[in-house]
Amino acid sequence: MKAVRRVVTGNDGQGKSTITWEGEAPARHESKFPGRGVTDYWVWNKTPQPLNGSEDASLWPDEFPGPKGGGHLRTVHWLANHEVQGEIPPLVTPHAPVPVPDGRSWDRGGGNNVTVSDMHKTESVDFGIVLEGERGLVLDNYKTVIKPGDIVIQVGAWHLWDSSRIGCLMGFDMISAKFDEQGLGLQEEDIPVMLPNPNQVLPSGVKPQRRIITIDKEPGKSSLVADSFSPEVILDPARPGFALQRMWVIDSHPAKIVPETLQLPNILVPPKTGTVLNVFTFPPDSHWSGKVDKAQVEAFYKIVRASEICTSGTIPNHPYSQKSDTVDFCLVTEGEIFLILDTKETLLKAGEIAVIRGGNHAWSNRSNQPAIVAISSHDAIQE
């Protein structure tokens, strides 16, 4: 099973941001099929989650779909048919929904748990981000193939995963939700989906970010809400080639079962007990370094309604610095980028993951190509 590099930040005794853990993520759980399993990167069991703590939370007891009242960040490693050692079991015949003993997930058969999952649903809102390979997504009314960089937002919906053609490495930020008394997990509000502006012109080097939203509108049947691109792209005039593409907002705990959330105003800073998911394209520093002043940086943070987290000037030569009461899960999907802290810096490459626990930080792209990072920011508190 592939080892994935993980960086976790914290703060030292002087309150300066630093690296707490760095290296291969230790919480790898391989199944009986060599090469297939899950890796946990962070686990939390209450919301808001703590910013501090000396324990590596990836090693905490975990479950599927994550602790009730919290959640987890993990990757799943799935095999293609040609990678399986031994015989592949036949597909399970589809059947009526059956609750799994944990009481927070259900399955309807249809898979074999080797290269094809069961048709299942979980009491959670999930951000699924493809890092390598590809994966088939099957709903009751829709099928598609997702590839590196694509993001699926599963809002408590029935779904099946198929990796039989090409294996995959896929990240999941799974956030605790609450279904109705019958456990059906149906759409709670009819909110119009937001679609991309057909006249939107993206800067050179910026790719439109695919966003797939799923939900159950009637019992036992999943529906596609949207398979399109981010409907809101925010640029920075001082950084040619920069883009922030909004994906999703969670404004309560447990998370709501709704088909759209980008009508909410939160961009960089999540609501209390909530989460924001954005995808950033960072252009090479050479496009803007040395040409930006503090006023331009502050203007950007004002645009994204986050002036209070701007710390411009605190990290030499890196004006776009920030510090917020959030735990940020950062998945690099393309290119490479340096994470700059008060005391250290480290290079993150495509497929690697950082967990930033509220410390002062900035990003620096010293390559010649754009770097793309998906970041989900969770409300957190100092305990």
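In which loop is the place of P48? The points below take this up along with other features of the model, which is predicted.

1. P48 has its place in the loop between β4 (37-44) and β5 (49-50). The peptide bond leading from T47 into P48 is cis, and its omega is near 0 degrees.

2. A cis bond also joins H253 and P254, with omega about -5 degrees. P254 belongs to the loop between β19 (243-250) and β20 (275-282). As background, most peptide bonds are trans, and most residues other than glycine have a negative phi.

3. Positive phi values call for a check in the loop between α1 and β21. R305 is found in that loop, with β21 spanning 326-334, and its phi is near 55 degrees although R305 is not a glycine. N317 is found in the loop between α1 and β21 too; its phi is about 70 degrees, again positive in a residue that is not a glycine. N317 counts as exposed because its relative accessible area is 70%, and the cut-off for exposed is over 50%.

4. On the overall fold, the chain has one helix and 26 strands. The C-alpha trace spans about 60 × 40 × 40 Å along the principal axes. A compact globule of 383 residues would have a radius of gyration near 21 Å, so the 20 Å of the chain agrees with that expectation. Contacts between residues at least 6 apart in sequence join residues at least 24 apart in 68% of cases.

5. Burial and surface can be read together. Of the 383 residues, 58% count as buried. The exposed area of the chain is about 15,600 Å², and carbon and sulfur atoms supply 52% of it. There are 36 positive and 47 negative side chains; the centres of these two sets lie 2 Å apart.

6. The largest nonpolar core holds 47 residues, and V125, F127, I151, V155, W248 and F329 are the members that touch the most others in it. Strand β10 (residues 124-133) gives the largest share of this core, four residues. A second, separate core has 32 residues, among them I234, L268, V332 and A371. In soluble globular proteins, nonpolar side chains tend to be buried together.

7. V155 shows what such packing looks like at one position. Beyond the residues up to four places away in sequence, V155 touches S124, V125, I213, T214, I215, W248, K256, I257 and V258. Of these contacts, V125 and W248 are also listed with V155 among the core members that touch the most others.

8. I191 is found in the loop between β15 (168-176) and β16 (210-218). Is I191 buried or exposed? I191 counts as buried because its relative accessibility is 17%, and the limit for buried is under 20%. Outside its neighbours within four places in sequence, I191 is in contact with V258, P259, E260 and Q263. The C-alpha atoms of I191 and P259 are 6.2 Å apart, while 68 residues separate the two in sequence.

9. Helix α1 (residues 294-303) contains A299. A299 has 40% relative accessibility and therefore counts as partly exposed. From A299 to P237 the C-alpha separation is 9.7 Å, across 62 residues along the chain.

Notes. Residues numbered from 1 in each chain as written. Predicted model: local features only at pLDDT ≥ 70, side-chain atom pairs only at ≥ 80, totals over all residues. Heavy atoms only, no water. Helix = DSSP H or I, 4+ residues; strand = E, 2+ residues; numbered from the N terminus. Rg over C-alpha atoms; globule rule 2.2 N^0.38 Å. Buried < 20%, exposed > 50% of the residue type's maximum accessible area, 1.4 Å probe, protein only. Contact = heavy atoms within 4.5 Å. Areas by Shrake-Rupley, 256 points an atom, 1.4 Å probe, with all protein chains shown as cover. Lys, Arg positive; Asp, Glu negative; His and termini not counted. Charge placed at Lys NZ, Arg CZ, Asp CG, Glu CD. Core = buried A, V, L, I, M, F, W, Y, C linked by side-chain atoms within 4.5 Å.
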